[in-house]
Amino acid sequence: NSELLVARGPWPAGLSEAQTQFLSAARPMLARIATAVLDRDRQRAQFRALADLSAAFSQAETMEGVLASVATALARTSGFEWVTINLVDDSLQVIIDHAGNVNRFSGTDTALMSSGERMSGQAKKQAAVTIQRMAATRLPVLHRDIFAADSTMEMDDSTHTYYQRAHILAIGTFPIVFRDSVMGSVTFLSSRRHEFDDEETKFLTDLVSQASVTIEGLRLYRELRKAEERLRTVAT
């Protein structure tokens, strides 16, 4: 994700094989450290919002701001570069809320291609279809490499362009279930191939299960605000 490691030293004969192997091994660890340092202030704010949901509610006019906090926590915990949350109406036909995790790439044109306002109609339709499929099976939809020859991933031109520009290869979408009701989906996206073996799939399923409690709380809060607004209108 755009990190560049430059190694300088007095090597008139170039790097030895051992030195090259060391740098190759150290690079992903350094990338993770750089991410932690550069994102720490923003992530601390997001985690504080998660720890105190009442504060998050009061600061957000819509659910999107709080959902971004949830997505950021899921991305940080799972190690995936991108996490998106889609919520649907009771019919499972319409995407009513969409949010993604916050990181230092969030303001780039590439990241904005997947934001709620610029999310294409076809992408929303496909997301709803995936949620309907998971509602029937209660199983995640996993794509180990979306650009592989045997990939079954369906995407329109704008979505295909976004995945290419964002260097996304693996996608795992999990249903958000609370009390046997499907509310939407959480999608984990990675710039490297994932096998999604049983251990990783269970780990991500458990993460989404924990997040479902918070998301249900957000849904109830929104319904309460709507009820208050209707009551205020009637009283007026």
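Where is the place of Ser209? Ser209 sits in helix α7, and point 6 comes back to it. A few notes from going through the model, which is a predicted one.

1. **Overall make-up.** You are looking at 7 helices and 5 strands. Going along the sequence, the elements come in the pattern α-α-α-β-β-α-α-β-α-β-β-α. Of the 236 residues in the protein, 38% are buried. Take the contacts between residues at least 6 apart in sequence: 62% of them join residues at least 24 apart. As for the outside, the accessible surface is about 14,100 Å², and carbon and sulfur atoms account for 53% of that.

2. **The sheet.** The 5 strands make an open sheet in the order β2-β1-β5-β4-β3, with antiparallel pairing. The edges are taken by β2 (95-100) and β3 (141-143); each has a single partner strand, so one side of each has no neighbour in the sheet. From one strand to the next, the twist averages 15°. As a reminder, strands in a sheet pair through backbone hydrogen bonds, and they can do that in a parallel or an antiparallel way.

3. **β1 and its link to β5.** Strand β1 covers residues 82-88, and β5 covers residues 181-190. The two run antiparallel and are joined by 6 bridges. If you want a pair to click on, try Trp82, whose bridge partner in β5 is Leu189.

4. **Thr84, a residue worth a look.** Thr84 belongs to strand β1. Is Thr84 buried or exposed? Its relative accessible area is 13%, so it counts as buried, the cut-off being under 20%. Setting aside the neighbours within four places in sequence, Thr84 has contacts with His98, Ala99 and Gly100, and also with Ser185, Val186, Thr187 and Leu189. To place some of these: β2 spans 95-100, while β5 spans 181-190.

5. **β4 and its partners.** Strand β4 is mostly covered, with 8 of its 9 residues buried. On one hand it pairs with β3, antiparallel, over 3 bridges, and here Leu142 stands opposite Gly172 in β4. On the other hand, 9 bridges join β4 to β5, and that pair is antiparallel too. In this second pairing, Phe178 is found opposite Ser181 in β5.

6. **Helix α7 on the sheet.** Helix α7 (residues 198-235) packs on the sheet and touches β1, β2, β3, β4 (170-178) and β5. Its direction makes about 50° with that of β4. Back to Ser209, then: this α7 residue is partly exposed, at a relative accessible area of 42%. How far apart in space are Ser209 and Ile176, C-alpha to C-alpha? The distance is 6.9 Å, although 33 residues separate them in sequence.

7. **The β4-β5 turn.** The hairpin of β4 and β5 has 2 residues between the strands. Which residues lie in this loop between β4 and β5? Arg179 is one of them, and Asp180 is there as well. Take a look at the backbone here: Arg179 has a positive phi of about 50° without being a glycine. Asp180 also has a positive phi, of about 70°, and is not a glycine either. Arg179 counts as exposed because its relative accessibility is 74%. Asp180 comes out as exposed too, at 58% relative accessibility. So the loop holds two exposed residues, whereas β4 itself is mostly covered.

8. **A nonpolar patch on the surface.** Leu5, Leu30, Ile33 and Val37 make a nonpolar surface patch of about 350 Å². Leu5 comes from the segment before α1 (17-51). With a relative accessibility of 41%, Leu5 counts as partly exposed.

Technical notes:
Residues are numbered from 1 along each chain as its sequence is written. This is a predicted model: local features need pLDDT of at least 70, side-chain atom pairs count only at pLDDT 80 or more; totals for chains, interfaces and linings use all residues. Side-chain values use heavy atoms; hydrogens and water are left out. Helices (H or I, at least four residues) and strands (E, at least two) are DSSP runs, numbered from the N terminus. Buried means under 20% relative accessible area, exposed over 50%, partly exposed in between (1.4 Å probe, protein chains only). Contact means heavy atoms within 4.5 Å. Two strands pair if DSSP finds at least two bridges between them. Axes are lines fitted to C-alpha atoms, for helices over the stretch in contact, and angles run from 0 to 180 degrees between N-to-C directions. Accessible areas come from the Shrake-Rupley method with a 1.4 Å probe; for residues, only the protein chains shown count as cover. Patches are made of residues with over 30% relative accessible area and no salt bridge: like charges are joined within 9 Å, nonpolar side chains (Val, Leu, Ile, Met, Phe, Trp, Tyr) within 5 Å. A salt bridge is a side-chain nitrogen of Lys or Arg within 4 Å of a carboxyl oxygen of Asp or Glu.
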